[in-house]
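The following exercises invite the reader to work through a structure one step at a time. Each task is followed by a worked solution.

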Amino acid sequence: MAAVAFPNLKPSSRSYTPGTYPQTEFQAQNGAKTIVRYGNRRVDSKLQLSFANIADADAASILSNYEAVNADWDYVTFTDNDGAAGADASLASYLRESGGSGLKWRYDGPPQVDSVYPGLSTVSCSFIGVLDAS
Amino acid sequence: MPFYAGQQGKLFIDGSSTAAAKVVNWSFTSAQGTLETTTLGDTDRTAVYGIRSLSGSCRLYYYKYTSGATSYNDCATLLEKVIKISGGTAAGDGENDASDPVTFRLYIDDGTSSGKYIDIPALITSVSMSISVGEVLAADVSFESNGAPLSGTNITQAS
């Protein structure tokens with residue numbers, strides 16, 4: 001399990017959710033709730049990146065990264081020059097999941113490539129933060 | 001001749017060597033689309049070139065004339081490109097001939113033998129006519145180019 005750097009491409013848009021805490025809720029007929037929390041770490045954070053109108057070669061580099069990460073059980077890392085671009089340091093630590101969450105970014109499905117013009121493509125990627133068992 | 005006015009303008013239809021009769025005006029617009037490439041962290045919008053499009057219009061009087069034994073009406077020629085008459089006499093005939101493309105040469109007589117022109121392989125998108133007291137009957141024709149201007153176009157050349 002190794003880190004694979006994401007290509008040096010800044011996204012045109014980004015969406016992030018920090019994930020949830022693993023728990024189960026039981027609700028009694030009188031409305032009272034019992035919550036069983038299974039851990040104190042959030043899981044399944046989501047990151048969606050969109051790269052609009054990028055060169056086909058850059059789109060290919062994203063697909064190559066997808067293959068490299070999934071060739072083995074590896075994970076993706078981001079920097080301020082790619083997935084975390086434009087965010088200040090405090091938010092970037094969440095976007096990169098580098099603040100001690102223990103989550104590792106993996107592709108939540110294959111990237112989608114839309115050809116928009118000769119030589120230009122728009123690519124959408126989705127990532128999920130996975131908490132690997134130690 | 002450094003400047004050009006209306007009297008230097010002509011319109012040629014479908015490669016004819018004779019200019020269309022009674023053309024009031026012609027115009028064209030070339031539009032260039034852009035594709036946004038702004039990324040997170042940018043403070044200014046960036047873009048690259050996208051698709052180009054070319055469209056235009058012309059206005060011709062509905063003018064009938066003869067040359068030798070043949071009658072001509074260049075306005076009617078353009079109307080016929082997109083107005084296709086039903087083969088029957090009953091209403092509801094929805095299957096008729098398709099519209100025809102046309103090639104326009106928008107021409108400027110600059111005093112040389114060739115002149116300056118742009119050849120547009122056009123699809124006529126609208127034709128409108130109206131008649132009223134005190135006005136000469138004319139047709140306003142709008143068109144879009146099907147692809148780039150044809151080779152031979154020299155209006156972009158400085159000399």
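## Exercise 1: The outline of chain B

Task: State the order of the elements of chain B, and decide whether the chain is more spread out than a compact globule.

Solution. From the N terminus on, the elements of chain B follow the order β-β-β-β-β-α-β-β-β. The radius of gyration of chain B is 20 Å, whereas the globule rule gives 15 Å for 159 residues; the value is well over the rule, so chain B is more spread out than a compact globule. It should be noted that this is a predicted model. The count of elements in chain B is one helix and eight strands. Along the principal axes, the C-alpha trace of chain B spans about 70 × 50 × 35 Å. Of the 159 residues, 15% count as buried. As for contacts in chain B with a separation of 6 or more, 54% are made by residues 24 or more positions apart.

## Exercise 2: Helix α1 of chain A

Task: Compare the expected and actual span of helix α1 of chain A, and determine where its buried residues lie.

Solution. Helix α1(A) comprises residues 56–71, which is 16 residues. At 1.5 Å a residue the helix should span 22 Å, and its end C-alpha atoms are 22 Å apart, which agrees. The next step is to list the buried residues of α1(A): A59(A), I62(A) and V69(A). Seen down the helix axis, these buried residues fall within an arc of 85°, so they line one face of α1(A). On the other side of the helix, A57(A), S64(A), E67(A) and A71(A) are exposed. Finally, the buried residues of α1(A) pack against several strands of chain A, including β1 (3–5), β5 (46–55) and β9 (120–130).

## Exercise 3: Helix α1 of chain B

Task: Identify the buried residues of α1(B) and what covers them.

Solution. The buried residues of α1(B) are D74(B), C75(B) and L78(B). Around the axis they cover an arc of only 115°, which puts them on the same side of α1(B). What covers these residues includes β1, β3, β5 (70–72), β6, β7 and β8 of chain B.

## Exercise 4: The nonpolar cores

Task: Find which residues have the most contacts inside the largest nonpolar core, and which elements supply the core.

Solution. The largest nonpolar core has 20 residues, and those with the most contacts inside it are L11(B), L78(B), F104(B) and L106(B). At least two residues of this core come from each of β1, β2, β3 (47–61), α1 (74–82), β6 (102–108), β7 (116–130) and β8 (138–145) of chain B. The largest share, five residues, is supplied by β7(B). Setting aside residues up to four places away in sequence, F104(B) touches L11(B), I13(B), I120(B), A122(B) and F143(B). Another core, of 19 residues, lies apart from this one, and F6(A), L9(A), I54(A) and F78(A) are among its members.

## Exercise 5: A hairpin in chain A

Task: Describe how β3(A) and β4(A) pair, and decide whether β3(A) is buried or lies in the open.

Solution. Strand β3(A) (residues 23–27) and strand β4(A) (residues 33–37) pair in the antiparallel sense over five bridges. Within this pairing, Q23(A) has R37(A) in β4(A) as its bridge partner. The hairpin has five residues between the strands, and G31(A) takes a positive phi near 95° there. Of the five residues of β3(A), the number buried is zero, so this strand lies largely in the open.

## Exercise 6: Loop residues

Task: Locate E97(A) and D14(B), and give the phi and the burial class of each.

Solution. Most residues other than glycine have a negative phi. E97(A), however, has a positive phi near 50°. E97(A) is placed in the loop between α2 (89–95) and β7 (104–107) of chain A. Because E97(A) has 26 C-beta neighbours inside 10 Å, it counts as buried. D14(B) also has a positive phi, near 55°, and D14(B) lies in the loop between β1 (9–13) and β2 (23–36) of chain B. With 14 C-beta neighbours inside 10 Å, D14(B) counts as partly exposed.

Task: Find what A19(B) touches, not counting residues up to four places away in sequence.

Solution. A19(B) is found in the loop between β1 and β2 of chain B. A19(B) has 15 other C-beta atoms within 10 Å, so it is partly exposed. Its contacts beyond four places in sequence are K10(B), L11(B) and F12(B). The C-alpha atoms of A19(B) and D74(B) are separated by 9.3 Å, although these residues are 55 residues apart along the chain.

Notes:
Residues numbered from 1 in each chain as written. Chains lettered and ligands numbered in written order. Predicted model: local features only at pLDDT ≥ 70, side-chain atom pairs only at ≥ 80, totals over all residues. Buried ≥ 20, exposed ≤ 12 C-beta atoms within 10 Å, placed from the backbone. Helix = DSSP H or I, 4+ residues; strand = E, 2+ residues; numbered from the N terminus. Pairing = 2+ DSSP bridges. Rg over C-alpha atoms; globule rule 2.2 N^0.38 Å. Contact = placed C-beta atoms within 7 Å. Expected span 1.5 Å × (residues − 1). Arc of directions from axis to C-beta. Core = buried A, V, L, I, M, F, W, Y, C linked by C-beta atoms within 7 Å.
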